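User: I'm new to this structure and would like a close look at just one part of it. Could you take me through it slowly?

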Amino acid sequence: MKFATKTIHSGYDSSQHSKSVMPPIYQTSVFEFAEVGEQLPFSYARTGTPTRAALESCLASLENAKHGLAFASGMAAIDAVLRATLKPGDEVIAVADLYGGAYRLLTKVMAPTGISVTFVDLTDPANLSAAISARTKLVWLESPTNPLLNLVDITALSAIAHQHGAVVAVDSTFATPYLQNPIDLGADIVVHSATKYLGGHSDVLLGLVAVSDDKLFADIKFIQNSAGGVPGPQDCFLTLRGIKTLHLRMERHCDNAEQVAAFLRDHPKVEKVFFPGFVDHPGHAIARQQMRRFGGVVTIWLKQDTRAEASRVASKLQLFALAESLGGVESLVNHSYTMSHGGMPPEQKAALGIREGGLRLSIGVEDIEDILADLAQALAD
Ligand SMILES: *Cc1c(COP(=O)(O)O)cnc(C)c1O
């Protein structure tokens with residue numbers, strides 16, 4: 001099956017559900033046994049429900065993976081992967097400019113348990129070869145990164161990690177399975193915050209994991225069931241519904257983002273535009289190699305590098321809501337410095353290029369003329 005068909009048909013068999021065309025929302029915590037010791041497909045909702053199972057197998061299919069797992073949030077998914085792959089004494093090497101929440105989880109929750117957390121600029125794979133050791137059990141990648149849209153070469157980094165016996169996980173939230181399939185590129189685990197593009201309508205918080213290796217799957221599933229960070233059936237349903245239009249939405253997000261990036265690049269109030277679709281973007285060649293298009297996020301540095309200027313522009317925007325998230329049908333603007341990366345130390349932000357006068361734009365699927373007009377009026381004096 002091709003991708004667009006999979007988004008609509010994968011993971012669900014209506015003949016098992018009274019021919020209901022949409023997956024039913026099994027709003028129950030428990031399923032009945034016929035006799036003691038019976039092996040039921042579903043017994044208790046923390047372990048699984050038919051609605052969640054439909055979502056899990058849909059995601060697996062979209063990522064060309066064997067297994068899928070759903071969590072209550074992207075962070076719960078990341079937490080489960082970290083716990084399933086690391087124990088005290090082990091090291092995780094993570095891409096330097098990763099999502100603020102993942103940075104906080106690694107440094108404030110995992111590190112105090114005796115796991116060493118090393119951040120490395122992995123835009124050059126040689127830096128991984130130099131840093132990796134027998135203690136490194138996990139290499140944590142994110143591509144493109146939030147908010148500066150750096151790319152890492154998933155194929156090259158996976159090969160290096162595997163030579164050293166480390167597992168490779170990729171947070172592919174910004175790309176979605178429509179634009180990038182990390183397991184096909186050599187990674188072991190893919191993580192998504194489905195809160196973003198997969199759900200796609202800013203109405204659900206959910207995390208997803210795709211994995212092909214049976215042992216890794218069993219280990220992550222064990223954490224999923226033991227710790228219980230699972231989504232309810234309503235949220236699984238909403239995510240499944242969102243996924244049905246993922247391919248349509250992503251095409252428009254990508255079209256609109258390309259036009260916004262080109263418009264902002266020539267704007268006198270804008271110092272720099274970060275967009276992997278630009279031929280002079282440092283990750284452009286890798287983007288061409290491992291992504292189908294360049295995504296729907298555009299990040300800018302304003303010429304006037306102050307919080308006041310970022311605030312002025314963000315507040316003047318009418319279509320763009322000033323909000324934490326991204327990936328919804330509506331355009332959103334994020335002040336990464338105080339919002340998504342508020343928990344990162346200022347020195348770290350400075351080193352990465354997350355500035356007071358920077359804004360991350362999640363370009364929605366509105367009419368491009370309205371989006372450009374809104375940006376023009378907000379940037380004007
Ligand atoms: C939002 C986000 C997360 C966290 O997901 P939640 O669903 O908010 O818990 C992780 N990684 C990236 C890249 C994100 O954008």
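At what angle do helix 3 and helix 8 pack, and how far apart are their axes?

Analyst: Sure, and keep in mind that this is a predicted model. Two packed helices are described by the angle between their axes and the distance between the axes. Here, helix 3 covers residues 74-85 and helix 8 covers residues 214-227; the angle between them is about 120 degrees, and their axes lie 8 Å apart. That angle is why helix 3 counts as oblique to helix 8. As for handedness, helix 3 passes helix 8 in a right-handed crossing.

So who's doing the touching? On the helix 3 side you'll find Ala80, Val81, Arg83, Ala84 and Thr85, and they meet Leu216, Asp219, Ile220 and Ile223 of helix 8. Sort the residues of this contact by character and you get six nonpolar, one polar and two charged.

For some context, look over at the sheet. It's an open one with five strands in the order 8-9-12-11-10, and its pairing is mixed. Strand 8 (270-274) and strand 10 (321-322) are the edge strands, each pairing on one side only. Strand 10 runs parallel to its partner, strand 11 (residues 332-334), and the two pair over two bridges. If you want a spot to click on, Ala321 stands opposite Leu332 in strand 11.

This sheet has a helix packed on it too: helix 10 (residues 246-265), which touches strand 8, strand 9 (297-302) and strand 12 (358-362). The direction of helix 10 makes about 15 degrees with that of strand 9.

Notes
Residues are numbered from 1 along each chain as its sequence is written. This is a predicted model: local features need pLDDT of at least 70, side-chain atom pairs count only at pLDDT 80 or more; totals for chains, interfaces and linings use all residues. Side-chain values use heavy atoms; hydrogens and water are left out. Axes are lines fitted to C-alpha atoms, for helices over the stretch in contact, and angles run from 0 to 180 degrees between N-to-C directions. Helices (H or I, at least four residues) and strands (E, at least two) are DSSP runs, numbered from the N terminus. Angles under 35 degrees count as roughly parallel, over 145 as roughly antiparallel, 65 to 115 as roughly perpendicular and the rest as oblique. A crossing is left-handed if the near helix is turned anticlockwise from the far one by less than a right angle, and right-handed if clockwise. Contact means heavy atoms within 4.5 Å. Ala, Val, Leu, Ile, Met, Phe, Trp, Tyr, Cys and Pro count as nonpolar, Asp, Glu, Lys and Arg as charged, and the others, Gly among them, as polar. Two strands pair if DSSP finds at least two bridges between them.
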